[in-house]
2 protein chains.
Amino acid sequence: MSNSTPATIEDVARIAEVSIATVSRAIHMPEKVANSTRLKVNQAIAITGYTTNAMARSLRLGRSNMILVVAPDIGDPNFSNILVGLENEARAHGYGILIGHTQNDAQRGLEYLKFFNSNQAAGLILFTGILPFGHQTMTARLPPSVGVFEPVFNGGIPYVGVDDTEGARKAVDLLLAEGHRKIAFIGDSRTRLAYTRRRMGYDAGLDAAGIPPDTRIVLEGDGTIESGRHAVEQLFMRDTLPTAFMCVNDQTAIGVMVGLGARGYDIPRDFSVTGFDDVPQAVFISPPLTTIRQPRTAIGKQAMALLLELLSDGRPTETEILLRPDLVVRNSVSAPSRNWLKR
Amino acid sequence: MSNSTPATIEDVARIAEVSIATVSRAIHMPEKVANSTRLKVNQAIAITGYTTNAMARSLRLGRSNMILVVAPDIGDPNFSNILVGLENEARAHGYGILIGHTQNDAQRGLEYLKFFNSNQAAGLILFTGILPFGHQTMTARLPPSVGVFEPVFNGGIPYVGVDDTEGARKAVDLLLAEGHRKIAFIGDSRTRLAYTRRRMGYDAGLDAAGIPPDTRIVLEGDGTIESGRHAVEQLFMRDTLPTAFMCVNDQTAIGVMVGLGARGYDIPRDFSVTGFDDVPQAVFISPPLTTIRQPRTAIGKQAMALLLELLSDGRPTETEILLRPDLVVRNSVSAPSRNWLKR
DNA sequence: GAGGCCTATGTAAACCTTTACATACATCGT
DNA sequence: ACGATGTATGTAAAGGTTTACATAGGCCTC
């Protein structure tokens with residue numbers, strides 16, 4: 001039992017007095033084996049403490065039971081909780097998860113491609129919005145993949161994430177309900193699909209409120225704190241300031257709040273700010289940020305479920321699963337101040 | 001090249017006009033093979049795009065190139081950055097990392113034990129302070145393991161982490177230098193080794209300052225926000241309040257600050273607070289928390305290096321690597337206010 | 001110039017599974 | 001009672017690699 005070398009299927013077969021084929025069948029296709037035999041096999045397994053050697057199995061089957069999760073940055077505050085969902089779901093189906101981060105380095109990405117060629121992973125969860133394989137992406141034979149958190153830009157890869165458009169809509173509707181009419185959108189982007197969609201939600205909300213497009217203030221950004229700060233500086237150069245900043249994500253919102261704070265303004269008295277994602281910090285900054293929550297664990301769970309389905313069926317039933325975003329109201333939004341209304 | 005099935009060592013051998021043994025040698029023991037032959041083999045590899053099949057290799061070798069990283073909670077804010085260090089170092093040496101979380105569930109832990117029996121991982125990084133295998137821990141044949149972030153309680157497992165005692169000492173010395181004499185230690189624990197050590201640093205600092213042990217205020221805690229909050233409530237029941245709260249970690253410090261804030265006190269005017277870990281939130285809470293930084297990436301890197309050494313040598317050179325903690329001064333500490341000095 | 005040694009390569013077994021195919025036996029229908 | 005059909009099990013090959021052992025040739029030494 002506490003033997004130095006782990007038991008093999010052969011040990012089990014010898015003890016159960018059957019052939020190794022029968023043992024294998026008793027494990028993987030129990031209905032194909034007589035009750036009495038199955039019982040003997042199970043006892044033998046219990047005695048030996050046998051566990052099937054995953055390497056041999058994968059070799060024979062030509063596929064592994066590992067899923068590779070690649071993210072550009074594992075340190076991303078959004079990462080951990082999605083990972084929890086991914087891990088739970090995978091483990092429940094006998095898969096393990098491998099993690100890798102590319103640091104947006106094509107060289108790194110290529111290494112992961114090699115990884116697949118050497119059969120070390122059966123599927124791929126893409127945390128980044130782009131395929132990490134650089135220019136080889138086109139020629140590369142891709143494993144079954146699912147994008148998560150951010151739609152995958154180049155390639156028709158199924159995707160699980162929050163409904164960005166609807167989430168943005170909820171944020172803008174809140175601001176409108178508070179009485180804001182001059183709402184700036186900070187963090188527009190043509191390359192990041194999630195951001196593009198949030199922008200669409202913003203526009204849809206303002207359209208519905210009858211606010212003409214040419215009066216809207218939209219600034220580009222890359223979702224960093226710095227970009228939020230920068231946007232504030234830019235806006236103070238212009239003659240019309242908004243009364244509210246709707247930010248493409250929480251990082252940007254934090255940057256905006258820092259920028260506004262540096263100029264001596266109070267939030268939410270002077271300006272309202274909303275974010276998107278509900279990163280863990282959002283509750284700790286001051287004032288606590290009103291934002292849109294990503295159902296992170298659920299995203300991870302669903303994405304893994306979709307990938308697993310893909311692995312068995314070959315075809316996914318759905319190509320895009322959009323989860324419902326929740327508005328979480330904290331303290332960074334209020335009605336526009338009298339002062340600003342006059343503008 | 002873009003063939004449907006990946007190239008095998010046999011394909012390479014055929015093209016290079018050598019035997020498969022020579023190909024294997026050319027790859028793994030290049031000095032054993034003639035220059036001319038090695039050249040032919042390398043060309044053949046380039047032509048075929050051959051990558052060695054990790055499954056077959058692991059099967060033959062009897063060990064995999066995966067390291068399992070188990071944490072009780074992947075969502076822990078301390079987790080991500082250590083993971084970065086672990087991943088980088090592992091990848092650089094041809095290892096991949098698998099992650100698993102136990103949620104402090106023994107059943108979960110057992111699953112991971114099975115994992116090793118089925119040869120899916122060569123080594124183990126333990127993120128938790130305890131072995132996650134429940135009561136089977138004793139009988140279990142453990143793979144080469146390294147503890148990280150928190151010393152492993154039950155079992156002589158090598159450990160890489162910050163020097164907790166010295167870190168705590170730095171915190172308490174700062175408070176002493178500011179003039180505090182009544183410094184409470186929040187979060188004492190007999191089961192969590194890291195906490196015990198931090199307590200030791202606290203005592204050492206007060207000893208050096210000549211503050212008698214019986215005047216010290218020490219409260220237990222489990223490192224959660226709630227425990228910090230609770231400690232504040234308890235202290236307000238007593239007649240002597242401290243002027244400073246030295247907390248066992250940042251979470252506890254946040255709890256303390258919340259508790260103090262709820263009672264209308266201002267930090268650092270009325271009370272000083274220090275944390276430990278420097279979690280990402282520490283900079284965002286208000287006031288920003290003065291704390292002790294964990295060199296997280298470095299810890300991960302060193303831990304993986306130690307494990308890899310263990311895997312090749314069998315014996316680690318060192319059994320405990322303690323990294324230097326840095327004091328990061330923010331805004332939660334000041335001199336004790338006149339009011340409180342009178343007490 | 002013959003024996004011995006060293007170097008470079010080849011042959012084949014082993015690692016542990018899964019599964020197509022073969023076999024053996026029982027049951028059923030006529 | 002005999003062939004057909006079906007069920008339970010066994011035999012053996014295959015999957016891709018590494019490596020002990022065998023082989024072959026070249027060179028050195030006496």
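Two strands are said to pair if DSSP finds at least two bridges between them, and strands themselves are DSSP runs of at least two residues, numbered from the N terminus. With that in mind, a good place to enter this predicted model is the point where L98(A) stands opposite L98(B) in β2(B).

**Where the two chains meet**

The pair of leucines belongs to a contact between strands of two chains, for β2(A) and strand β2 (residues 96–101) of chain B pair in the antiparallel sense over 3 bridges. In the same pairing of strands, I99(A) stands opposite I97(B) in β2(B).

Around this strand pair lies a wider interface, in which 38 residues of chain A are in contact with 38 residues of chain B. On the side of chain A that touches chain B, two or more residues come from each of α4 (54–61), α5 (79–92), β2 (96–101) and α6 (106–117) of chain A. By class, that side of chain A is made up of 16 nonpolar, 19 polar and 3 charged residues.

How are the two chains related to one another, in terms of a turn and a shift along the axis? A turn of 180 degrees with a shift of 0.0 Å along the axis lays chain A on chain B with an RMSD of 0.1 Å, and that is the relation of a two-fold axis. Within chain A, the C-alpha nearest the axis belongs to L98(A), at 2.1 Å from it, and L98(A) is the residue that stands opposite L98(B). Because 100% of the interface residues of chain A are also interface residues in chain B, the copies meet through the same surface.

**The sheet that runs through both chains**

The pairing of β2(A) with β2(B) has its place within an open sheet of 12 strands, whose order is β11(A)-β5(A)-β4(A)-β3(A)-β1(A)-β2(A)-β2(B)-β1(B)-β3(B)-β4(B)-β5(B)-β11(B) and whose pairing is mixed. At its edges are β11 (320–323) of chain A and β11 (320–323) of chain B, each of which pairs on one side only. From one strand to the next, the twist in this sheet averages 20 degrees.

Is β2(B) mostly covered or mostly uncovered? The strand is mostly covered, since 6 of its 6 residues are buried. Its residues point two ways, with G96(B), L98(B) and G100(B) on one side and I97(B), I99(B) and H101(B) on the other, and all are buried. Strand β1 (residues 66–71) of chain B pairs with β2(B) in the parallel sense over 6 bridges, and in β2(B) the bridge partner of L68(B) is L98(B). Further along the sheet, strand β4 (residues 145–148) and strand β5 (residues 159–162) of chain B run parallel and are joined by 2 bridges, where the bridge partner of G147(B) in β5(B) is Y159(B).

**A second sheet, in chain A**

Chain A also has an open sheet of 4 strands in the order β7-β6-β8-β9, with parallel pairing. Here β7 (217–220) and β9 (272–274) of chain A stand at the edges, and each has a single partner strand, so one side of each is left without a neighbour in the sheet. The twist in this sheet averages 20 degrees from one strand to the next. Strand β6 (residues 183–188) of chain A pairs with β7(A) in the parallel sense over 4 bridges, and among the pairs of residues is F185(A), whose bridge partner in β7(A) is V218(A). Helix α9 (residues 225–237) of chain A packs on the sheet, where it touches β6, β7 and β8 (244–247) of chain A, and its direction makes about 135 degrees with that of β6(A).

**The surfaces near the DNA**

The model also holds DNA strand C and DNA strand D, and the table sets out the residues around each of them.

| DNA strand | Residues around it | Nearest residues | Classes |
|---|---|---|---|
| C | 24 residues | I9(A), A21(A), A56(A), A21(B), T37(B) | 11 nonpolar, 8 polar, 5 charged |
| D | 27 residues | A21(A), I9(B), A21(B), S24(B), A56(B) | 13 nonpolar, 8 polar, 6 charged |

Near DNA strand C, the elements that give two or more residues are α2 (20–28) and α4 of chain A together with α2 (20–28) and α4 (54–61) of chain B, and α2(A) gives the most, with 5 residues. Near DNA strand D, the corresponding elements are α2 and α4 of chain A together with α1 (9–16), α2 and α4 of chain B.

Definitions and conventions. Residues numbered from 1 in each chain as written. Chains lettered and ligands numbered in written order. Predicted model: local features only at pLDDT ≥ 70, side-chain atom pairs only at ≥ 80, totals over all residues. Contact = placed C-beta atoms within 7 Å. Nonpolar A, V, L, I, M, F, W, Y, C, P; charged D, E, K, R; others polar. Least-squares fit on C-alpha atoms with pLDDT ≥ 70 in both. Near = placed C-beta within 6 Å. Axes fitted to C-alpha atoms, helices over the stretch in contact; angles between N-to-C directions. Buried ≥ 20, exposed ≤ 12 C-beta atoms within 10 Å, placed from the backbone.
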